[in-house]
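Me: Please go through this structure with me, setting each value against the criterion that applies to it before concluding anything.

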Amino acid sequence: MSLLRLEDVSKIFGGLIAVNDLSFTVEQGSIVGLIGPNGAGKTTVFNCITGNYTPETGDIFFDDQSITGLRPHRIVSLGIARTFQSIRLFGRLPVLENALAGRHCRMKAGLIACMLHTAAQRREENEAVARCMEELRFVGLAEHYAEPAGGLSYGNQRLLEIARALASDPRLLILDEPAGGMNEQETVALVETIQSIRNRGITVLLIEHDMRLVMKICEKLVVLEHGSMIVQGKPEDVQRNPDVIEAYLGADDMKW
């Protein structure tokens with residue numbers, strides 16, 4: 001069963017076709033990798049899915065519901081969360097408060113209830129704190145909950161972004177280069193984290209340039225070049241595809 005489906009999606013910036021008639025599916029409970037050289041249109045695809053961009057043509061379906069043109073906050077509320085290629089945290093705020101920012105979409109108390117600090121609002125806030133602490137424990141950051149987010153190591157800041165996204169209760173988690181800037185030890189831990197996320201029943205779609213990571217955790221790869229799909233399929237099949245080798249893996253020292 002496909003949880004996410006793109007049908008003939010195109011995105012154009014001026015005269016540049018960033019995404020060209022792209023169609024692919026992400027199956028429920030799977031880990032799918034979107035790969036390709038720099039400038040292939042990968043992040044543009046993510047921005048179309050999450051509502052940052054509206055495609056010129058085509059449609060995007062989440063759980064058989066069209067989400068094309070919806071605002072980002074609406075898409076998050078439907079169950080799609082993401083991280084970004086460049087870290088976007090509130091560096092001076094504590095780790096816990098950064099995670100709570102991801103929980104905001106699930107909180108119901110309005111302005112008046114917050115101003116009056118009603119019993120219902122306090123209960124909801126306590127539940128949100130407990131929920132976010134669960135996610136911080138999940139990524140190994142619970143003991144840092146009171147520290148400023150900007151003081152964390154680069155790898156831990158990446159993990160905090162994942163915890164913040166998970167706090168929104170997603171059914172689909174979109175990760176944009178989650179291993180970017182991580183050392184080998186941090187990358188190994190990240191692989192375990194992503195596999196554990198899938199084991200929780202959360203579907204994962206990711207962009208990643210570390211091909212060894214991609215080959216290790218992805219059940220399906222979608223390969224882009226110049227906004228168009230070259231091929232999609234199982235990693236071992238994609239690895240042997242001559243078009244992929246020519247477009248993306250031509251360097252002799254490319255390691256899978």
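**Strand pairing and a buried lysine**

Reply: In this predicted model, R5 stands opposite F61 in β4.

Me: What makes β1 and β4 a pair of strands?

Reply: Pairing requires at least two bridges found by DSSP; strand β1 (residues 2-13) and strand β4 (residues 57-62) are joined by five bridges in the antiparallel sense, and therefore they count as paired.

Me: How do you know that β4 also pairs with β5?

Reply: Two bridges join β4 to strand β5 (residues 65-66) in an antiparallel arrangement, and because at least two are required, the criterion is met. F61 stands opposite S66 in β5, while two residues separate β4 from β5 in the hairpin that they form, with D63 in the turn having a positive phi of about 55°.

Me: Why is K42 said to have no salt bridge?

Reply: K42, which lies in helix α1 (residues 42-49), is buried, and E177, the nearest side chain of opposite charge, is 5.7 Å away. A salt bridge needs a side-chain nitrogen of Lys or Arg within 4 Å of a carboxyl oxygen of Asp or Glu, so K42 and E177 do not form one.

Me: What makes the approaches of the K42 side chain to G36 and P37 polar contacts?

Reply: The side chain of K42 reaches the backbone oxygen of G36 at 3.0 Å and the backbone oxygen of P37 at 3.1 Å; because the cut-off for a pair of N or O atoms is 3.5 Å, both distances fall within it. Among the residues that K42 touches are also L34, I35, I207, H209 and L224.

Methods
Residues are numbered from 1 along each chain as its sequence is written. This is a predicted model: local features need pLDDT of at least 70, side-chain atom pairs count only at pLDDT 80 or more; totals for chains, interfaces and linings use all residues. Side-chain values use heavy atoms; hydrogens and water are left out. Helices (H or I, at least four residues) and strands (E, at least two) are DSSP runs, numbered from the N terminus. Buried means under 20% relative accessible area, exposed over 50%, partly exposed in between (1.4 Å probe, protein chains only). Lys and Arg count as positive and Asp and Glu as negative; His and the chain ends are not counted. A polar contact is a pair of N or O atoms within 3.5 Å; within protein, one must be able to donate a hydrogen and the other to accept it, and residues adjacent in sequence count only if both atoms are side-chain atoms. Contact means heavy atoms within 4.5 Å. Lists of a residue's contacts leave out its neighbours within four places in sequence.
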